Amino acid sequence: MKNISLPIKYGLAISAALIAYFLILALFNFHTNPFFSLFNGVITGFGIYEVIKYHKLRQEKNFSYTSGFTVGLVAGFLATIVFTIFFTLYATEINPDFLGELLTVFKRDYNVHVGLVAFVVAIMGFATTVVLTLTCMQMFKKSRNMLQNA
């Protein structure tokens, strides 16, 4: 249980930051502009970096690429799942007009509903998590390079 509590704690923190950012955008009516969702990657990336860094500090000599990668994936996937659930609740219960505003371009050409949008949000979150975890692990992995001065 001790090994899984760290990514759960960070995953919930990442999702809370994503939800807070989304709600702040909603206050200023910027939440329908997809451009602002790029900052979600920054929030997720920072959270994944921090969880891997803290995990490496706790593990010291026992830190491995696999354990760091797993911790980053679990934290990011949990954050994605929680944010997707929040996004679906927001789009269906809190602000039912949100999807109409978000999908004004696609609505006339395609039959888009909340399930498809939630699926896209989840896939984007999972993909972002994998890419950012791989990127962060490049900074934390043990180097196997030979010494050049020999």
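At what angle do the axes of helix α2 and helix α6 cross? In this predicted model, the axes of α2 (residues 38-59) and α6 (residues 114-140) cross at roughly 45 degrees. They come within 9 Å. The angle falls outside the ranges for roughly parallel, roughly antiparallel and roughly perpendicular, and α2 and α6 are therefore oblique to each other. The crossing is right-handed.

The contact surface of this pair can be listed residue by residue. On the α2 side, Gly41, Thr44, Gly45, Ile48, Tyr49, Ile52, Lys53 and Lys56 take part. On the α6 side, the partners are Thr128, Thr129, Leu132, Thr133, Cys136, Met137, Met139 and Phe140. Sorted by class, the contact of α2 with α6 holds eight nonpolar, six polar and two charged residues.

Thr44 illustrates the setting of one α2 residue. Thr44 belongs to helix α2. Its relative accessible area is 8%, under the 20% limit, so Thr44 is buried. Neighbours within four places in sequence aside, Thr44 contacts Ile14, Leu18, Thr129 and Leu132. Two of these names, Thr129 and Leu132, belong to the α6 side of the α2 contact. Ile14 and Leu18 fall within the residue range of helix α1, 2-27. Thr44 is also 9.2 Å from Ala75, C-alpha to C-alpha. In sequence, Thr44 and Ala75 are 31 residues apart.

Helix α6 also packs with helix α3. Their axes lie 9 Å apart, at an angle of about 155 degrees. The angle is over 145 degrees, which makes α3 roughly antiparallel to α6. This crossing, too, is right-handed. By class, the contact of α3 with α6 has 17 nonpolar and eleven polar residues. No charged residues occur in the contact of α3 with α6, whereas the contact of α2 with α6 includes two.

Gly125 is a residue of helix α6. Gly125 has a relative accessible area of 16% and is buried. Its C-alpha atom is separated from that of Gly76 by 7.8 Å. Along the chain, Gly125 and Gly76 are 49 residues apart. Gly76 lies within the residue range of helix α3, 65-94.

These helix pairs belong to a helical fold. The chain contains six helices and zero strands. Read along the sequence, the pattern is α-α-α-α-α-α. Of the 150 residues, 35% count as buried. Contacts between residues at least 6 apart in sequence were also examined. Among them, 77% join residues at least 24 apart.

Aromatic contacts were then considered. A search of the whole structure returns 17 aromatic pairs. One of them joins Phe22 and Phe86. The ring centres of Phe22 and Phe86 are 5.7 Å apart, and the planes meet at 80 degrees. That angle is over 60 degrees, so the pair is edge-to-face. The pair links distant parts of the chain, 64 residues apart. Phe22 sits in helix α1 (residues 2-27), and Phe86 in helix α3 (residues 65-94). Phe22 counts as buried, at 8% relative accessibility. Phe86 is buried as well, with a relative accessible area of 14%.

Phe86 has a further ring partner in Phe83. Here the centres are 6.1 Å apart and the planes are at 45 degrees, so the pair is tilted. Phe83 and Phe86 both lie in helix α3. They are three residues apart, about one turn of the helix. Phe83 is buried, with a relative accessible area of 9%. Phe22, Phe83 and Phe86 belong to one aromatic cluster. Phe87, Tyr90 and Phe98 complete that cluster.

Backbone geometry draws attention to two loop residues. Most residues other than glycine have a negative phi. Asn29 has a positive phi, near 60 degrees. Asn29 is found in the loop between α1 and α2. With a relative accessible area of 49%, Asn29 is partly exposed. Glu60 also has a positive phi, of about 50 degrees, although Glu60 is not a glycine. Glu60 is located in the loop between α2 and α3. At 60% relative accessibility, Glu60 counts as exposed.

Definitions and conventions: Residues numbered from 1 in each chain as written. Predicted model: local features only at pLDDT ≥ 70, side-chain atom pairs only at ≥ 80, totals over all residues. Heavy atoms only, no water. Phe/Tyr/Trp six-rings, centres within 6.5 Å; stacked < 30°, edge-to-face > 60°. Helix = DSSP H or I, 4+ residues; strand = E, 2+ residues; numbered from the N terminus. Buried < 20%, exposed > 50% of the residue type's maximum accessible area, 1.4 Å probe, protein only. Axes fitted to C-alpha atoms, helices over the stretch in contact; angles between N-to-C directions. Parallel < 35°, antiparallel > 145°, perpendicular 65-115°, else oblique. Left-handed = near helix turned anticlockwise from the far one by under 90°. Contact = heavy atoms within 4.5 Å. Nonpolar A, V, L, I, M, F, W, Y, C, P; charged D, E, K, R; others polar.
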